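Q: I have a new structure to read. Where should I begin?

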Amino acid sequence: IDKKNFEEKFQLTKYQKEVLCDFNNNVELCCARAVGKTVSLTWLIIWALVFNIFPNDYIVYTVPNKVHLEPVFTSLVRMFRSNSFLKQF
């Protein structure tokens, strides 16, 4: 796909990179709205699934309300349906 001249190159922010590099057993992420949590969480879940990090376990993503679940779930569905590599999973 040809990028338009006005489109910015996508890069993760510093805190998104820190989230992706956090290997604690339990992580709680609390931040403001529209700061990129969905992107970080989506990529983290995909990474864990692709590399089979938890071979005999589930990945549990808990949220206080359904509205918090929808963006991450929708992003995961979109990625697994549209990406040629992720379609294999």
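A: Begin with how helix length is checked: the expected span of a helix is 1.5 Å times one less than its number of residues. The model here is predicted. Helix α3, residues 66-82, has 17 residues and should span 24 Å; its end C-alpha atoms are 24 Å apart, which agrees.

Q: Which residues of α3 are buried?

A: Buried here means under 20% relative accessible area. In α3 the residues that meet this are V72, S75, L76, M79 and F80. Looking down the axis of α3, these buried residues fall within an arc of 125 degrees, so they line one face of the helix.

Q: Why do residues three or four places apart point the same way?

A: An α-helix has 3.6 residues a turn, so residues spaced three or four places apart point the same way.

Q: What is exposed on the other side of α3, and what covers its buried residues?

A: On that other side, K66, V67, R81 and S82 are exposed. The cover over the buried residues of α3 includes α2, residues 37-50.

Q: How many helices and strands does the protein have?

A: There are three helices and zero strands, and along the sequence the pattern reads α-α-α. The C-alpha atoms fill a box of roughly 45 × 35 × 25 Å along the principal axes.

Q: How many of the residues count as buried?

A: Of the 89 residues in the protein, 18% count as buried. The accessible surface is about 7900 Å², and carbon and sulfur atoms account for 56% of that surface.

Technical notes: Residues are numbered from 1 along each chain as its sequence is written. This is a predicted model: local features need pLDDT of at least 70, side-chain atom pairs count only at pLDDT 80 or more; totals for chains, interfaces and linings use all residues. Side-chain values use heavy atoms; hydrogens and water are left out. Helices (H or I, at least four residues) and strands (E, at least two) are DSSP runs, numbered from the N terminus. Buried means under 20% relative accessible area, exposed over 50%, partly exposed in between (1.4 Å probe, protein chains only). Accessible areas come from the Shrake-Rupley method with a 1.4 Å probe; for residues, only the protein chains shown count as cover. The arc is that of the directions from the helix axis to the C-beta atoms. Contact means heavy atoms within 4.5 Å.
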